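The exercises below ask you to read a protein model step by step, with a worked solution after each task. Please keep the sequence and the structure in view while you work.

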Amino acid sequence: MPRTRLPAVLLATFVLVLLPVVAVADDGRTDSRASFDLGAATIPDLQRRMDRGQLTSVGLTSAYLRRIAAIDGKIHSVIAVNGRALAEASASDVRRRDGRTRGPLDGIPVLLKDNIDTRGEPTTAGSRVFDGTRPAADAHLVARLHRAGAVILGKANLSEWANFRSTHSTSGWSGVGGQTNNPYVLDRNPCGSSSGSGAAIAAALAQVTIGTETDGSIVCPAGANGIVGHKPTLGLVSRTGVVPISAEQDTAGPMARHVVDAAITLSVLQGRDAADAATHAIPTGQPRDYAALLRPNALRGTRIGVWRLSGVDADVDRVVNESVAVLRSRGATVIDVELPYQDLVNENEFPALLTEFRRDLNAYLGARPGAPDTLAEVIAFNRTDPVELSKFGQELFEQAEVAPPPTDPTYLNRRRTATDAARRSIDETMDRFDLDAIMAPTNSPAWRTDYTAGDAFVLGSSGPAAVAGYPNVSVPAGFAGPLPVGVSFFAERWSDAKVLALAAAFERANPTYRPPEFIPTTG
């Protein structure tokens with residue numbers, strides 16, 4: 001694939017995406033200058049092509065940049081492109097020619113959610129308060145991506161402040177990036193807060209994106225956009241250099257069109273970080289190559305609990321029933337389960353997050369050059385900015401500012417109660433039924449974006465794994481009309497390899513992914 005001339009705006013470093021449309025093939029996935037389907041290709045497929053001289057990283061990166069220019073005007077998922085992306089790709093091609101390839105992510109274009117620090121370049125968390133400021137260092141996970149040879153393609157839009165600003169927010173909106181749309185039906189919501197990351201992968205604007213989750217912000221966009229999203233065990237991936245909500249629940253993780261791509265990316269992202277104490281608990285026996293552990297028959301002989309969350313949405317119930325049939329057809333024993341202690345989790349999680357948000361955000365702001373020093377200063381900025389409060393308020397910011405300090409006994413009890421109840425809900429259920437994992441519907445079909453009504457969440461299963469700090473992977477399972485529905489596999493702490501293997505086997509047995517058609521509305 002020859003290198004092509006890009007619009008001049010791409011030649012700057014990270015710049016806001018205001019690109020003219022360039023030609024791609026009519027199907028919207030196969031680049032007109034590529035001989036294969038970008039949407040269907042896995043990282044191993046791409047590496048084989050590059051090894052054989054059929055593809056270069058420069059060609060692959062150029063194809064994705066052309067797609068961003070041609071398609072992202074419909075969905076607004078990319079907040080900035082990296083003007084050094086082609087140079088990074090060229091360096092990868094040189095390494096390959098010289099026999100110095102750094103691994104399976106070398107030369108692969110990756111988008112980062114825009115709450116992940118990149119040294120000397122904008123990182124906004126979607127907020128205009130960071131205009132003109134730059135982080136002093138790459139996030140730990142970005143440094144790992146660079147060392148692995150990945151090409152940083154740019155930054156993905158997000159629900160501003162990772163959707164922790166308002167009680168009445170609309171997922172996918174930020175003051176910097178505007179509203180991200182669901183690529184399947186454009187007036188539907190992409191879910192949040194890794195909304196741009198999910199929409200960009202569904203539209204094949206990158207091979208992999210990195211999202212972040214506190215509770216649902218990787219798996220919900222994965223389900224709503226019909227892709228794979230893996231929320232790792234808390235501590236497997238460093239949070240250093242990621243704009244926080246809570247050190248007790250935050251993690252970054254991969255989002256991709258294929259489980260194998262998520263597994264390859266997780267192998268690069270994971271690792272100990274002296275600045276993040278949670279990573280010090282990574283077991284010495286934790287796998288280093290998750291993709292190598294994916295087996296087609298991984299479901300055979302397993303016992304899978306199904307937390308149906310039934311009776312809320314008929315299409316979700318149908319997709320869960322179909323997914324159960326897939327599990328059984330591949331040799332799994334399926335047991336219906338109900339997870340206990342959810343009231344305890346729900347009653348205590350949010351009040352604890354308010355305290356943790358102020359504590360952790362103030363620590364991040366204090367280390368960010370040129371940024372406001374405190375949450376209070378961000379609140380004051382928003383009150384005078386013409387855009388920030390134009391769609392919804394900042395009630396959560398204001399509640400966090402007056403929340404109890406992290407030494408408060410009531411706060412400490414709430415956090416202990418929430419975490420313990422979430423862990424017991426999974427551990428006790430798995431022990432009682434001798435389960436290998438639990439499957440549940442990830443999401444209901446995407447709701448219509450509405451700034452008056454705000455987000456219309458109907459159901460989700462992210463809470464237990466999120467609050468427990470356990471791994472959770474969402475994989476496409478079916479459709480409600482044109483809208484995707486996913487199922488999630490979660491299990492005990494540090495079982496990332498197991499849930500990825502189960503998700504990959506399910507994906508192989510139930511290949512439901514289909515590309516979005518960018519339907520304007522369903523009426």
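**Exercise 1: an arginine in a helix**

R67 has its place in helix α2, in what is a predicted model. Task: decide whether R67 is buried or exposed, and find how far its C-alpha atom is from that of A203.

Solution. Begin with the accessibility: a residue is called buried when its relative accessible area is under 20%, and R67, at 0% relative accessibility, therefore counts as buried. Next turn to the distance, where the C-alpha atoms of R67 and A203 are separated by 8.8 Å although the two residues are 136 residues apart along the chain.

**Exercise 2: a second arginine**

Task: establish in which helix R415 is found, and list the residues that R415 touches beyond four places in sequence.

Solution. The helix is α13, which covers residues 409–433. R415 has a relative accessible area of 7%, and is therefore buried. Once residues up to four places away in sequence are set aside, R415 touches S246, E248, Q249, E349, A352, L353, E356 and V467.

**Exercise 3: the disulfide**

Task: find how many disulfides a search of the whole structure gives, and explain why the pair C191 and C220 ties together parts that are apart in sequence.

Solution. The search of the whole structure finds one disulfide. This disulfide joins C191 to C220, with an S to S distance of 1.8 Å, and the link is right-handed, with 95° about the S-S bond. C191 lies in the loop between β6 (178–179) and α6 (195–202), whereas C220 lies in helix α7 (residues 219–224), so the pair ties together parts that are 29 residues apart in sequence. As a last step, consider the surroundings of the link: C191 is buried, and C220 is buried as well.

**Exercise 4: the helix α6**

Task: work out why α6 can be described as largely enclosed by the rest of the structure, and name the elements against which its buried residues pack.

Solution. Go along the helix residue by residue, and S195, G196, S197, G198, A199, A200, I201 and A202 are found to be buried. Eight of the eight residues of α6 are thus buried, so the helix is largely enclosed by the rest of the structure. Its buried residues pack against α2 (57–75), β3 (109–113), β4 (151–156), β7 (208–213), α7 and β9 (251–256). After the helix, α6 is followed by A204, which has a positive phi, near 55°.

**Exercise 5: cores and the helix α15**

Task: identify the residues with the most contacts inside the largest nonpolar core, and the helix that gives the largest share of this core.

Solution. The largest nonpolar core has 112 residues, and those with the most contacts inside it are L141, L145, I210 and F489. Helix α15 (residues 496–509) contributes the largest share of this core, ten residues. A second, separate core has 22 residues, among them A162, L365, I379 and A403.

To see one of the central residues in its setting, take L141, which, leaving aside neighbours within four places in sequence, is in contact with I116, I210, V237, S238, V242, A252 and L269. Then return to α15, which is mostly covered, with eleven of its 14 residues buried, including V499, L500, L502 and F506. From its first C-alpha to its last, α15 reaches 20 Å, close to the 20 Å expected at 1.5 Å a residue.

**Exercise 6: the helix α9**

Task: state which residues of α9 are buried, and what covers them.

Solution. Helix α9 (residues 314–329) has 16 residues and reaches 23 Å from its first C-alpha to its last, close to the 22 Å expected at 1.5 Å a residue. Its buried residues are V316, D317, V319, V320, S323, V324, V326 and L327. An α-helix has 3.6 residues a turn, so residues three or four places apart point the same way. What covers the buried residues of α9 includes β10 (303–306), β11 (333–336), β12 (437–441), β13 (472–480), β14 (483–490) and α15.

**Exercise 7: the whole chain**

Task: say how many helices and strands the protein chain has, and where pLDDT stays under 50.

Solution. The protein chain has 15 helices and 14 strands. Its radius of gyration is 21 Å, close to the 24 Å that the globule rule gives for 523 residues, so the chain is as compact as a globular protein of that length. Buried residues make up 63% of the 523 residues. The mean pLDDT of the chain is 93, but pLDDT stays under 50 over residues 1–28.

Terms used:
Residues numbered from 1 in each chain as written. Predicted model: local features only at pLDDT ≥ 70, side-chain atom pairs only at ≥ 80, totals over all residues. Heavy atoms only, no water. Disulfide = S-S within 2.5 Å. Helix = DSSP H or I, 4+ residues; strand = E, 2+ residues; numbered from the N terminus. Buried < 20%, exposed > 50% of the residue type's maximum accessible area, 1.4 Å probe, protein only. Contact = heavy atoms within 4.5 Å. Core = buried A, V, L, I, M, F, W, Y, C linked by side-chain atoms within 4.5 Å. pLDDT = per-residue confidence, 0-100. Expected span 1.5 Å × (residues − 1). Rg over C-alpha atoms; globule rule 2.2 N^0.38 Å.
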